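Thanks for coming, everyone. Let me put today's structure on the screen and walk you through it.

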Amino acid sequence: MRTQSATVPGSPDHPNEDYAATAVPAAGRGGALVVLDGVTAPAGPTGCGHGVAWFAARLGGTLLELAGSRREASLTECLALAISRTADAHRPTCDLSHPRTPQSTVVCARWDDAAVEYLVLSDSALLVEAPDGTVRTVLDHRLDDLRPAARRLPPGERAAFIEGMRNAPGGFFTAAADPAAAELAVTGAVTRDQARSLAAVTDGLGRWVETFRLGGWPELFAALAGRGPGAAIAEVRAAAAADPDGAAFPRGKAHDDATAVLVEL
Ligand SMILES: [Zn+2]
């Protein structure tokens, strides 16, 4: 087994709010990976004095510990408990009911000799490569599914519409302070012989596919496996630098934190 990871902040002036970790072996066999993308808070109060980077490190570290040590618990149960523990860590000092309480996307996978289990919540991606080279993409589509409705609104109202659907019925869901969000994650499993490698990426690198269209998800997987996570992130940065104003490739932020973990099983 071999793991590689890389992360690059979106801006040198802002903390990197992504989180990535692997446990190999986990509980003596197999392993686990966790990749989170902390949601950058808008300017103004969030009810929390800790910040998004603190939250991502706390939630990610707790989830890795639970996924790696509690084989009897499902990944959904591990995430729910990790959200609860993280909430407990700042409930005494912070207003966790604030809609912009720190929150993040989640990708978690766990494997042993028999199976690979996975969980994806919000817009980070997991790629599963089969022994024949086929790449399957595991995505939570809820946020993307809202974009057609947003595009039918006047441009000035689109961001507020999306924001209003955050952790709301019929909307999209992140890991924040409510453990019930874990139940809404996309989950599944494949037998171990159906998976040769795994990759988890935050949307800062997902832009390689979805914004800059350097290729599809299988091509991104090939870039990660062939040139490495650091090189794939550099390719996104180069594409962004070539279109600094977003004229050719419209996008919200000029740069976003970008992270990838590759596990060759
Ligand atoms: Zn806090």
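Is Cys48 buried or exposed? Cys48 is buried, with a relative accessible area of 14%. Keep in mind that this is a predicted model.

Start with the metal site. Cys48 binds the zinc ion through SG. The other protein donors are His50 (ND1), His90 (ND1) and Cys94 (SG). They lie 2.1 to 2.4 Å from the zinc ion. In sequence, the spacing of the donor residues reads C-x1-H-x39-H-x3-C.

Why call the arrangement tetrahedral? Because the four donor atoms subtend angles of 95 to 118° around the zinc ion, and the tetrahedral class accepts angles between 85 and 135 degrees. For reference, the ideal tetrahedral angle at a metal is 109.5 degrees.

Accessibility varies among the donors. Cys94 is buried, at 11% relative accessible area. His50 is partly exposed, at 33%.

While we are on cysteines: how many disulfides does the structure hold? Zero. Take Cys108. Its closest cysteine sulfur sits in Cys78, 7.0 Å away, which is too far for a bond. The cut-off for a disulfide is 2.5 Å. Cys108 itself is buried, at 1% relative accessibility.

Now the first sheet I want to show. Five strands make an open sheet, ordered S2-S3-S4-S5-S8, with antiparallel pairing. Its edges are strand S2 (18-23) and strand S8 (186-191), and each of those pairs on one side only. On average, neighbouring strands in this sheet are turned by 10° against each other, direction ignored. Helix H1 (residues 52-69) packs on the sheet and touches S2, S3 and strand S4 (104-111). The direction of H1 makes about 160° with that of S3.

Stay with S3. Six bridges pair S2 with S3, in the antiparallel sense. There, Ala20 stands opposite Val35. On to S4: eight bridges join S3 to S4, again antiparallel. Val35 faces Val107 in S4. So Val35 has a partner in S2 and a partner in S4.

How many of the eight residues of S3 are buried? Eight of the eight, so the strand is largely enclosed by the rest of the structure. In a regular strand, side chains alternate between the two faces of the sheet. In S3 both faces are covered. One side has Gly31, Leu33, Val35 and Asp37. The other has Ala32, Val34, Leu36 and Gly38.

One residue there deserves a second look. Asp37 is found in strand S3 (residues 31-38). It is an aspartate counted as buried, at 6% relative accessibility. What does Asp37 touch, leaving out residues up to four places away in sequence? Its contacts include Glu17, Asp18, Asp203 and Asp256. Also among them are Gln103, Ser104, Thr105, Ser124 and Thr202.

At the far end of this sheet, strand S5 (residues 115-121) pairs with S8 over six bridges, antiparallel. Tyr118 has Gly188 in S8 as its bridge partner.

Next, the second sheet. Again five strands, open and antiparallel, in the order S1-S10-S9-S6-S7. The edge strands are strand S1 (2-8) and strand S7 (135-138), each pairing on one side only. Neighbours here are turned by 15° on average, direction ignored.

Inside it, strand S9 (residues 197-201) and strand S10 (residues 258-264) run antiparallel and share five bridges. Ala200 stands opposite Val261 in S10.

Which helices lie across these strands? Helix H5 (residues 203-210) lies across S9 and S10, at about 85° to S10. Helix H6 (residues 217-226) lies across strand S6 (125-129), S7, S9 and S10, at about 105° to S9.

Last, some backbone details. Val24 and Pro25 are joined by a cis peptide bond, with omega about -15°. Pro25 is in the loop between S2 and S3.

Two residues other than glycine have positive phi. Ser122 has phi near 70°. Ser122 lies in the loop between S5 and S6, and counts as buried at 5% relative accessibility. Asn167 has phi of about 50°. Asn167 sits in the loop between helix H4 (155-164) and S8, and is partly exposed, at 31%.

That's the tour. Over to you for discussion.

Definitions and conventions
Residues numbered from 1 in each chain as written. Predicted model: local features only at pLDDT ≥ 70, side-chain atom pairs only at ≥ 80, totals over all residues. Heavy atoms only, no water. Buried < 20%, exposed > 50% of the residue type's maximum accessible area, 1.4 Å probe, protein only. Helix = DSSP H or I, 4+ residues; strand = E, 2+ residues; numbered from the N terminus. Contact = heavy atoms within 4.5 Å. Pairing = 2+ DSSP bridges. Axes fitted to C-alpha atoms, helices over the stretch in contact; angles between N-to-C directions. Donors = N, O, S within 2.8 Å, 3.2 Å for Na, K, Ca; no water. Tetrahedral: all angles 85-135°; square planar, octahedral: opposite > 155°, others 65-115°.
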